[in-house]
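Got the viewer open and a selection box ready? Here's a walk through the chain, one pick at a time.

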Amino acid sequence: AIIIASPNYTHFEYLKKLVSTYNGYILCEKPPVTSIEQIDFLNSLSKKDKSRIYFNFNYRFSNLAKVLKSYMNSEQIGKIISINIISTHGLAFKNDYENSWRADGQKNKHTILETVSIHYVDLFSSIFGKINQAKYFPNLVSERGSSFDTSNLLIKYSNGVSLSIFNSYATPYLEDFLILGTNGYIRILDNELKIYSPRDTYDDNGF
């Protein structure tokens, strides 16, 4: 097998060449490609060629995926209606970041979206299905390099679930996931999972 673990903008040229000259398996890092035209090329490949290529969307096999599948429509959580993801760290302030391919806006303007956010888009879309609406708010916060280092992505699925994904290379490290349902919610903060349920819980004053 051949592994493509190069900068995002180079994936397409490697894939295009390997599909025509190599008969083995190909593992390609995400994102598969970086333009609609390149996606169209991938879609045009034969079923045989498609079956030889795997894109590294490994969040599908993560503990977060297992939690989602375990508690979807459960008695504890009820119907999931909203998910909020915050996943950040301070990569943009490391000494070698400014001269790296991730910071090169000429070739990778949307690096944070293509490299981090796309994992969550793939995971939740594999579970919730079709996206009805999406809004994307990118920003260059660190002023280091020329590609966006921060993004907020808002998604509405056809089944009614809303999803907010905030990623940044320009803040302190934080992994904070909130999964809100009609009868409870799940909070995963710093790898600690807590479940709050049921909805109808009252204090001594009946509130």
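Start by selecting Y185, which sits in strand β9, residues 185-189. Bear in mind as you click around that this is a predicted model. Colour Y185 by accessibility and it comes out partly exposed, with a relative accessible area of 31%.

Now show the side chains of the whole strand. Which residues of β9 are on the covered face, and which on the uncovered one? I186 and I188 make up the covered face, while Y185, R187 and L189 are on the uncovered face. The general pattern behind this: in a regular strand, side chains alternate between the two faces of the sheet.

**The neighbours of β9**

Add β10, residues 192-196, to the selection. β9 and β10 pair in the antiparallel sense over 5 bridges, and Y185 stands opposite Y196 in β10. Go to the turn of this hairpin, where 2 residues lie between the strands. D190 is in that loop between β9 and β10, and it's worth checking the backbone there: D190 has a positive phi of about 50° although it is not a glycine.

Next, bring in β8 (174-181). β8 also pairs with β9 in the antiparallel sense, over 5 bridges, and these two strands form a hairpin with 3 residues between them. Look for D176, which stands opposite L189 in β9.

Keep D176 selected and add R187. These two form a salt bridge, with the closest N and O atoms 2.7 Å apart. The pair links distant parts of the chain, with D176 in strand β8 and R187 in strand β9, 11 residues apart. Is D176 buried or exposed? At 11% relative accessibility D176 counts as buried, whereas R187, at 33%, counts as partly exposed.

Before leaving, put a surface on and select I81, L180, Y185 and Y196. Together they form a nonpolar patch on the surface, with about 310 Å² of accessible area.

**Into a loop**

Follow the chain back to A170, in the loop between β7 (162-168) and β8. A170 is buried, with a relative accessible area of 12%. What is in contact with A170, leaving aside its neighbours within four places in sequence? Show H89, A92, F93, V141, S142, D149 and T150 and you have the set. Try a distance label from A170 to A92: the two are 78 residues apart in sequence, but 5.5 Å apart in space, C-alpha to C-alpha.

**More salt bridges**

The structure holds 6 salt bridges. For another one, pick E98 and R144, whose side chains meet at 3.6 Å, N to O. E98 lies in the loop between β4 (80-88) and α5 (111-128), and R144 in the loop between β5 (131-139) and β6 (150-157), so the pair ties together parts that are 46 residues apart in sequence. E98 is partly exposed at 38% relative accessible area, and R144 counts as buried at 19%.

Then jump to E29 and K30, a salt bridge with its closest N and O atoms 3.8 Å apart. E29 counts as partly exposed at 26% relative accessibility, and K30 as buried at 12%.

**Backbone oddities**

Stay on K30 and show its backbone. The peptide bond from K30 to P31 is cis, with omega near -5°; P31 is in the loop between β2 and α2. A cis peptide bond also joins S197 and P198, where omega is about 0°. You'll find P198 in the segment after β10.

Another phi to check is N73, in the loop between α4 (63-71) and β4. N73 has a positive phi of about 60° although it is not a glycine, and it is exposed, with a relative accessible area of 57%.

**Last stop: α1**

Select helix α1, residues 11-21, and highlight H11, F12, L15, L18 and V19, which are buried. Turn the view to look down the axis: the buried residues fall within an arc of 140°, so they line one face of the helix. In general, an α-helix has 3.6 residues a turn, so residues three or four places apart point the same way. On the other side of α1, E13, K17, S20 and T21 are exposed.

What covers the buried residues of α1? Switch on β1 (2-4), β2 (26-28), α2 (36-44), α3 (47-50) and β3 (53-55), which are included in that cover.

Notes
Residues numbered from 1 in each chain as written. Predicted model: local features only at pLDDT ≥ 70, side-chain atom pairs only at ≥ 80, totals over all residues. Heavy atoms only, no water. Buried < 20%, exposed > 50% of the residue type's maximum accessible area, 1.4 Å probe, protein only. Helix = DSSP H or I, 4+ residues; strand = E, 2+ residues; numbered from the N terminus. Arc of directions from axis to C-beta. Contact = heavy atoms within 4.5 Å. Patch = residues over 30% accessible without salt bridge, like charges linked within 9 Å, V, L, I, M, F, W, Y side chains within 5 Å. Areas by Shrake-Rupley, 256 points an atom, 1.4 Å probe, with all protein chains shown as cover. Salt bridge = Lys/Arg side-chain N within 4 Å of Asp/Glu carboxyl O. Pairing = 2+ DSSP bridges.
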